[in-house]
Amino acid sequence: VFLGAGERLSLTFDIEVAVAPGAGPADECSSVFAAAALSLLGEAPSCAWADPHTFQVSLGGAATVRVGDRLNLKHGALVARHSASYALSSDVVVSATALATFPWPRVQAPREIRSCEDLTLDGSLSTGGGGRTMAMEWTLRANGTEVGGARTGIVATWTQSELAARGAAVLQWRVTATNFLGRFSSATGEVLRTAQGEGPRARIEGPSSILATRGTRLVLVGSALPSSCLPVDGAAALGLFRYTWSVLDGAGSSVHSTSSTASRELHVPLAQLAPGATYTVRLDILEILPDPFGPDPAKARAEVSLTLVAQGLFACIEGGDRAVSAASAVVLDAGCSLDPDGVATLSYQWNCTDAVAHACAKLGPWPKQAAVATASALAVETQSSVVVSLVVTSPGRQPSSATVSLTIMPANMTMTPVSIVQALPRKINPQSYITVAASAASSANCTWSVASTLGPLDLVNSTLVATPRNWCTLVLAPGFFLSLQGRRFTVSVTATGAGAQGHA
């Protein structure tokens, strides 16, 4: 009986059996099987007794034994273990268990062919053969009628001449794969065959419905099959067709169009489209015929749907959490807030929440509906804390919010002057080293933080932070910002000295 996927054989006896004295080593295949049987077991098979009832064979390379084969045992090689006077001499017939591996036919087939093309079906990716070539039988029907008889082998081909009488047709193929264990299974599929003179046919590569956002790049590629059955496709077909692209709004009006015989691509002008709107992208192809007195040029059209997704507003407060002196004004700047789509007019609403009882009362009034809010910090005798929140809105859009924590220091406490002297560029490459440097008193310790819309990033445990966190120069190794690709973030530093603190 074959075991597993057919890589081993197991001979099971109803009594305890042993190799007869003088027949050879007990665990040698040649001690049990005759030469004809050994030739089926492959190159250098190995054998062993699992127990006195069971003799197992691990097949060698290029084994040819199959279900139904007869394996000859050597005459007199096996004897009953407790009665050496009577020997076993017989042939065994190979079978497979009900759990034997089934083949899985996987076929590479075209979706459609032209009238000038042969049809080739390839089953070389099929699995379940146990390392051996499977027997494969193919049949093909056109509109219900068999074409050209059955085929055998891993690859099956029907020629153009065999298919010619069928004209335009839906070709239905079926393959049955049988492995050496005797197990078999089938797969089916369809191929569209187009008639001579039909077409060309236009297609826009990719899905029929596309979602995109502003700030990204979208390139659509068109393709066509010529009606003349010339052996061309893809880039080689350039010059045979004129590709005309149109982007149409919901009312059917064109918002963009382009035409070319040298390119099959459309670079979609997302900046010209309205966020939240759905458009139709249309490709019209026109066959260019070399004979001006020949037939009218053939035309074809393909369309896909394109929706420009409206992105959410982004609320941002410059500088992040900080310590401020009660002796100076507090400036809160929301200038980093934005609409990623670049079309909304933003409105701002500031609010203060007490972190310590009545701490918000320590701040003087400020314009609460401006991008930049300035307030006077009233005198405080002890350190106080507030949380200021910002809500950014625009008609018809989801609002966005941000918060900043302010620690108000008494006017008699000296603040450590601190500023960022080597700032980040507005756009960074996440695969490069990033350096940010702060200017602070030589005795100050700097504490850095990085925050984004995804929350704070871990500077303490990350192996990509190349400098100690208390240094006033922060160096981040390539890869640190990979999780933030396409997002905005804020880097903040707090400098703390003896009885003094500053923030930037």
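The paragraphs below go through a predicted model, taking in turn a strand and its partners, a disulfide, a residue in a loop, and some salt bridges.

Strand β17 covers residues 184–193. In a regular strand the side chains alternate between the two faces of the sheet. Strand β17 follows this pattern: S185, A187, G189, V191 and R193 point to one face and are buried. On the other face are F184, S186, T188, E190 and L192, which are not buried. To follow this in the structure, step along the strand one residue at a time and note the face to which each side chain points.

Which strands pair with β17, and in what sense? One partner is β16, made up of residues 169–178, which runs antiparallel to β17 and is joined to it by 10 bridges. Within this pairing, L171 has V191 of β17 as its bridge partner. V191 also belongs to the buried face of β17. The two strands β16 and β17 form a hairpin, with 5 residues between them. In the turn of this hairpin, G182 has a positive phi of about 85 degrees. Another partner is β10, residues 112–113, which pairs with β17 in the parallel sense over 2 bridges. Here E112 has L192 of β17 as its bridge partner. L192 points to the face of β17 whose listed side chains are not buried.

The next feature is a covalent link. A disulfide is a covalent bond between the sulfur atoms of two cysteines. The count for this model comes to 1 disulfide, and C29 and C47 are the residues joined, with 1.8 Å from S to S. C29 sits in the loop between β3 and α1, while C47 is in strand β4, so the pair links distant parts of the chain, 18 residues apart. The link is right-handed, with 105 degrees about the S-S bond. Are these cysteines buried or exposed? Both C29 and C47 are buried.

The loop between β3 and α1 also holds A20. A20 is buried, as its relative accessible area is 9%, and the cut-off for buried is under 20%. Beyond its neighbours within four places in sequence, A20 is in contact with G76, A77, L78 and V79. A77 is 57 residues from A20 along the chain, yet the C-alpha atoms of the two are separated by 5.3 Å.

The last topic is charge. Side chains of opposite charge can pair when their charged atoms come close. The whole structure has 8 salt bridges. One of them joins R81 to E16, with the closest N and O atoms 3.9 Å apart. R81 lies in the loop between β7 and β8, and E16 in the loop between β2 and β3, so this pair ties together parts that are 65 residues apart in sequence. R81 is partly exposed, at 46% relative accessibility, and E16 is also partly exposed, at 28%.

Another salt bridge links R397 and D341, at 3.5 Å from N to O. R397 is in the loop between β30 and β31, and D341 is in the loop between β27 and β28, so the pair ties together parts 56 residues apart in sequence. R397 counts as buried at 18% relative accessibility, and D341 counts as buried at 3%. Salt bridges with shared partners join D339, D341 and R397 into one network.

Terms used: Residues are numbered from 1 along each chain as its sequence is written. This is a predicted model: local features need pLDDT of at least 70, side-chain atom pairs count only at pLDDT 80 or more; totals for chains, interfaces and linings use all residues. Side-chain values use heavy atoms; hydrogens and water are left out. A salt bridge is a side-chain nitrogen of Lys or Arg within 4 Å of a carboxyl oxygen of Asp or Glu. Helices (H or I, at least four residues) and strands (E, at least two) are DSSP runs, numbered from the N terminus. Buried means under 20% relative accessible area, exposed over 50%, partly exposed in between (1.4 Å probe, protein chains only). A disulfide is a pair of cysteine sulfur atoms within 2.5 Å. Contact means heavy atoms within 4.5 Å. Two strands pair if DSSP finds at least two bridges between them.
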